[in-house]
Amino acid sequence: MKAAVLDAIVTGKTRVVGIFGWPVRHSLSPPMQNAAFRAAGLDYVYIPFAIPPAKLGESLQLLAGLGIAGVNLTVPHKESAIPYLHKLSKTARRVGAVNTVRVLKNGNLEGHNTDVIGFAQSLQRDAGFKIRGKSALLIGAGGAARAVGYALASGGAAKVTIVNRTAQRAYNLAVFLRSVARKNLTVQIVEPGEASLAEEIAQADLVVNATSLGLKVSDPVPISLRGLRPKTLVFDTIYNPSQTRLLKAARAKGCKTCNGLGMLARQGAASFKIWTGRDPDLSLMMKTLRRCLSRHP
Ligand code: NDP
């Protein structure tokens, strides 16, 4: 990896892509993308760049001059990057967040959001779940919840119920989803402690955790699972640990479950395609993620 980076800088032969984050050390995208580039026989290298928020603008403006083909953006840059981009995909514009930047031939920067398609494809292909006409309970109202909510709304869900610790953020997400939804989507909010939460869970075909509760093994389940029925699919956007307390509890109730690993791999695969025009080996990307996680859980 280090020799390839040096070669890229010295000769300009290898195409450089990467990820901007702060912090970025924890990111699994470099091993996942580099494995996919190698397997595809593409002379690309993917490098993590630790970019503090105050340096984001000037770092993006340097991409074209340095010959960098594109970058992923992770926390805290997905929204703040937008003013520095020349063009946005429809999804990125509507969601108001960018996780993939492509440098165009004329040096302009084009922003995309592949988190939405990562979630939608994982839901459909990893969990075998079709969104159209279904009811979903969405836990969380941050960036991931916005991408998940958009995927549900644009995928034709019949109802999305939002539950979040901070009521104002739940309200903001509801306003956003109503603004992007087709007319037959019902969007509502339930407070975490409200008695009606159990009824909403009982009616839900899908429960998605898009909070960061569960990242620590000691974290509690994000909401009470009273009312959860075995027919409901429970999806956790968290992939490390692979089995959160939420997923374990849902399995104990007989539910089918899915973690966020497929979502992560699929958003990365969509970024790969934006930069190279080719489909990567998705199963290799998933395998690489699992291997990294088993080495550094
Ligand atoms: P944000 O900081 O934007 O949002 C965090 C969310 O978690 C908010 O809804 C927040 O509630 C809630 N939350 C945080 N701590 C608590 C707590 N102690 N109790 C209750 N609620 C809490 O983060 P993101 O949306 O970017 O990320 C959320 C999760 O999504 C992360 O776990 C991340 O791993 C996952 N993710 C997975 C991806 C994948 O590809 N699999 C991609 C992106 C994210 P409040 O509004 O009240 O603060």
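**Exercise 1. Find how strands E5 and E6 are joined, and what sits in the turn.**

Step 1: Look for the pairing. E5 and strand E6 (residues 109–112) run antiparallel, with four bridges joining them. Two strands count as paired if DSSP finds at least two bridges between them, and strands here are DSSP runs (E, at least two residues), while helices are runs of H or I with at least four, all numbered from the N terminus.

Step 2: Pick out a facing pair. Arg102 stands opposite Glu110 in E6.

Step 3: Check the turn. E5 and E6 make a hairpin with five residues between them, and Gly107 in that turn has a positive phi of about 90 degrees.

Step 4: Look for another partner of E5. Strand E3 (residues 68–73) pairs with E5 (residues 100–103) in the antiparallel sense over three bridges, and Val71 stands opposite Val101 in E5.

A quick note on what you're working with: this is a predicted model, where local features need pLDDT of at least 70, side-chain atom pairs count only at pLDDT 80 or more, and totals for chains, interfaces and linings use all residues. Residues are numbered from 1 along each chain as its sequence is written, and side-chain values use heavy atoms, with hydrogens and water left out.

**Exercise 2. Work out the strand order of the open sheet of six strands, and say why one side of E9 and of E12 has no neighbour.**

Step 1: Read off the order. The open sheet runs E9-E8-E7-E10-E11-E12, with parallel pairing.

Step 2: Go to the edges. Strand E9 (186–189) and strand E12 (256–258) each have a single partner strand, so one side of each is left without a neighbour in the sheet.

Step 3: Zoom in on one pair. Strand E7 (residues 135–139) and strand E10 (residues 206–209) run parallel and are joined by four bridges. Ile139 stands opposite Asn209 in E10.

**Exercise 3. Describe helix H10 and decide whether it is mostly enclosed or not.**

Step 1: Get its span. H10 (residues 261–276) has 16 residues and reaches 22 Å from its first C-alpha to its last, close to the 22 Å expected at 1.5 Å a residue. That expected span is 1.5 Å times one less than the number of residues.

Step 2: Count the buried residues (under 20% relative accessible area, with exposed over 50% and partly exposed in between, 1.4 Å probe, protein chains only). In H10, 14 of the 16 residues are buried, so the helix is largely enclosed by the rest of the structure.

Step 3: See what follows. Just after H10, Gly277 takes a positive phi of about 80 degrees.
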